[in-house]
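Ready for some practice? Have a look at the structure below, then work through the exercises one step at a time.

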Amino acid sequence: MQTVFVTGGAGFIGSALVRTLIRESAYQVVTIDSLTYAGNLESLADVLDDPRHRFARVDIGDGPALRSLFEHERPCGVIHLAAESHVDRSIDAPAAFIETNIVGTFNLLQEGLRYWQGLATEDAQRFRFVHVSTDEVFGSLGSSGYFTEETPYAPRSPYAASKAASDHLARAWHHTYGLPTLTTNCSNNYGPYQYPEKLIPLAIHCALNGQSIPVYGRGEHVRDWLYVDDHARALRAVFEQGLAGETYTIGCHGERGNLAVVEAICALVDELAPHPSIADRRSLITFVRDRPGHDLRYAIDMTKIQNELGWTARESLETGLRQTVAWYLANQAWSDRVRGNRYGGERLGLGQAI
């Protein structure tokens, strides 16, 4: 039975991938996570004690600990999602993004390379290192066009810059040392178990509790919204079928402006959880000071992954958003617990750069 490492596997996208692999494949999965504020073992509750799953509380900045895991578990590959990921937090405190996203990725590549170089030929040929990244490395689109695998890099936030650097490292370790890395760049994810600082879960929480729903600027910024379980299936397809050295962009033609997304959330919460005194949750929407350097529009051309790997998204924004709102309504206790004393809905990303 083959073993796969999933770094950041207790986070939002990582836990969706772990759940998918346990549910839909025969892999043994080792979840590697340091359990920062956004990592939560409750996201793995359904699979945490599965006989094919093991959790390792390890920071990817700890080279010796990673080396021990590689030597003991003998994986057939790594899917690397461990990262600091919230743009607003990167504006206020970029150091953690440099340490985790760049230095941590370097450590993981080094230990992966050390392990890969010691494998027998057949095992080395099967080994894959999938580096999971973001479309934010490409900068901002105008009113038309799409990001592709050939789009030049133009990161414009500390988060995007740190992910761009890690992308370049992954490709360099392939071209210089032969390590069979692959890179994916995905659009904005949403779905169950997302930490409530992000737009969609924050809007759901505020709408449900009758609180002001903050929207940056005029809500005109457009994102290509990708349901997290669709992304998890795409990552498995890249891991199993992708060609070493290649890049795959992942999206679903789910382009919507932020205001339109929040208005759709308000309508769904009104339908599924009517408020005794607020007939229309859209009245809670409040426009706030925009994020510094806020990119206008992202959109993905996913032709390559569709044609070469046969992957397509199953969920539209409409179907995925309904499932997401329903999940948060049914799991309010989870949201309250993960927020705890670590995040109270306060505004982040005002450009302090502390």
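**Exercises on loops and helices**

His253 sits in the loop that runs between strand S11 (247-250) and strand S12 (255-257). Keep in mind that this is a predicted model.

**Exercise 1.** Find out what is unusual about the phi of His253.

*Solution.* Start with the residue type: His253 is not a glycine. Now check the angle: its phi is positive, about 55°.

**Exercise 2.** Locate Tyr193 and decide whether it is buried or exposed.

*Solution.* First, the place: Tyr193 is in the loop between strand S7 (189-190) and H7. Next, the backbone: Tyr193 isn't a glycine either, yet it has a positive phi of about 70°. Last, the accessibility: buried means under 20%. Tyr193 has a relative accessibility of 14%, so it counts as buried.

**Exercise 3.** Do the same for Lys304: is it buried or exposed, and which residues does it touch?

*Solution.* Lys304 belongs to helix H10 (residues 303-309). Its relative accessibility is 16%, so Lys304 counts as buried. Leaving out residues up to four places away in sequence, Lys304 touches Glu149, Glu246, Thr247, Tyr248 and Leu309.

**Exercise 4.** Work out where the buried residues of helix H12 lie around its axis.

*Solution.* List them: Trp334, Ser335, Val338 and Arg339 are buried in H12 (residues 332-339). Look down the axis of H12: these buried residues fall within an arc of 125°, so they line one face of the helix. Here's the general idea: an α-helix has 3.6 residues a turn, so residues three or four places apart point the same way. Then find the packing partners: helix H7 (199-208) and helix H11 (317-330). Finally, step past the end of H12 to Gly340, with a positive phi near 45°.

Definitions and conventions: Residues are numbered from 1 along each chain as its sequence is written. This is a predicted model: local features need pLDDT of at least 70, side-chain atom pairs count only at pLDDT 80 or more; totals for chains, interfaces and linings use all residues. Side-chain values use heavy atoms; hydrogens and water are left out. Buried means under 20% relative accessible area, exposed over 50%, partly exposed in between (1.4 Å probe, protein chains only). Helices (H or I, at least four residues) and strands (E, at least two) are DSSP runs, numbered from the N terminus. The arc is that of the directions from the helix axis to the C-beta atoms. Contact means heavy atoms within 4.5 Å.
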